[in-house]
Amino acid sequence: MSAPQIRAADAADVPRILEIVEAAYRGPGGWTTEEGLVSGARTDASEVRALIAAPAVALLVAEADGRVIGCCYTERAGTRAEFGLFAVDPAAQAGGIGRALLEAQVALLREAGVLELEIHVLQGRDELNAWYQRRGFVPTGATHPFPLDPSALADPEARFDVLVRDLSH
């Protein structure tokens, strides 16, 4: 595989973004799967198209050999931003693509004057939480409820842990 190129997503990327997100979050393949923890689709085409169109959102994709292999978005609100829809094709995981996507977003956010980047990690995902901490995110102790129907959760009481990365330096 050639080195991935990071670029802004466009409407033509929507079907592939959906494939990657569903495989990474709901499929049995990658280490980031929520299979057994959350049921139902992770996203849909209308949500992805809305992210692409939103002025405060940067939806990036990683592309290698002419094929999209990863994605993530940030949504800016003043000097803060939220990071999400982060997925790498399970066949391409553990090759630095996720790190490259994250750092591309960080660079864009710093240029825009964003000082803090926030991520929400489903409780019980210790390996994912540790991955973010190795990349400068710090647990805040705060939590958020699951934003959709809690019946989609294997544990309806599960929440999201909030982690923040300081971008000021």
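So, which residue follows α4, and is its phi positive or negative? It's Gly 136, and phi there is positive, near 95°. Keep in mind that what we have up on the screen is a predicted model. I'll come back to that glycine, but let me lay out the sheet before anything else.

The sheet is open and has seven strands, in the order β1-β2-β3-β4-β5-β7-β6, and the pairing is mixed. At the edges sit β1 and β6, each of them pairing on one side only. Going from one strand to the next, the twist averages 30°. As a reminder, strands in a sheet pair through backbone hydrogen bonds, and that can be parallel or antiparallel.

Let's start at the β1 end. β1 and β2 run antiparallel, with four bridges joining them. If you want a register marker, Gln 5 has Glu 63 in β2 as its bridge partner. On to β2 and β3, residues 67-77: antiparallel again, this time over eight bridges. There, Val 57 stands opposite Glu 75 in β3. β2 and β3 make a hairpin with two residues between them. Asp 65 is in that turn, and its phi is positive too, about 55°.

How many of the eight residues of β2 are buried? Seven, so I'd call β2 mostly covered, as buried here means under 20% relative accessible area.

Okay, charges. Opposite charges on side chains can pair up when the charged atoms come close. The count for this model is nine salt bridges, and I want to show you the ones around Arg 7. What does Arg 7 pair with? Asp 13 is one partner, at 2.8 Å from N to O. Glu 63 is another, at 3.2 Å. That pair has Arg 7 in β1, residues 5-8, and Glu 63 in β2, residues 57-64, so it ties together parts that are 56 residues apart in sequence. Put these salt bridges together through their shared partners and you get one network of Arg 7, Asp 10, Asp 13 and Glu 63. The Asp 10 link to Arg 7 has its closest N and O atoms 4.0 Å apart. For those of you who look at cut-offs, the salt-bridge criterion is within 4 Å.

How exposed is this network? Arg 7 is partly exposed, with 23% relative accessible area. Glu 63 is also partly exposed, at 22%. Asp 10 comes out partly exposed at 37%. Asp 13, on the other hand, is buried, at 7%.

Now over to the other edge and the helix. β6 and β7 pair antiparallel over six bridges, and there Thr 143 has Asp 161 in β7 as its bridge partner. Hold on to Asp 161, because it turns up again in a moment.

α4 covers residues 126-134, and its buried residues are Leu 128, Asn 129, Trp 131 and Tyr 132. Why do I say they're on the same side of the helix? Because they span an arc of only 155° around the axis. Flip to the other side and you find Asp 126 and Arg 134, which are exposed. And what covers the buried residues? The list includes strands β4 (80-88), β5 (116-122), β6 (137-145) and β7 (159-166), plus helix α3 (97-111).

Asn 129 is the one I'd zoom in on. This asparagine in α4 is buried, at 14% relative accessibility. Its side chain makes a polar contact of 2.7 Å with the side chain of Gln 133. Beyond its neighbours within four places in sequence, Asn 129 contacts Val 121, Leu 163 and, there it is, Asp 161.

And that brings us back to the glycine. Gly 136 sits in the loop between α4 and β6, and at 37% relative accessibility it counts as partly exposed. Apart from neighbours within four places in sequence, Gly 136 is in contact with Val 164 and Arg 165. One more distance for the loop: Gly 136 and Leu 167 are 31 residues apart in sequence, and their C-alpha atoms are 9.3 Å apart in space.

That's my tour, from the β1 edge to the β6 edge. Over to you.

Methods
Residues numbered from 1 in each chain as written. Predicted model: local features only at pLDDT ≥ 70, side-chain atom pairs only at ≥ 80, totals over all residues. Heavy atoms only, no water. Buried < 20%, exposed > 50% of the residue type's maximum accessible area, 1.4 Å probe, protein only. Arc of directions from axis to C-beta. Contact = heavy atoms within 4.5 Å. Salt bridge = Lys/Arg side-chain N within 4 Å of Asp/Glu carboxyl O. Pairing = 2+ DSSP bridges. Axes fitted to C-alpha atoms, helices over the stretch in contact; angles between N-to-C directions. Polar contact = N/O pair within 3.5 Å; in protein donor to acceptor, adjacent residues only side chain to side chain.
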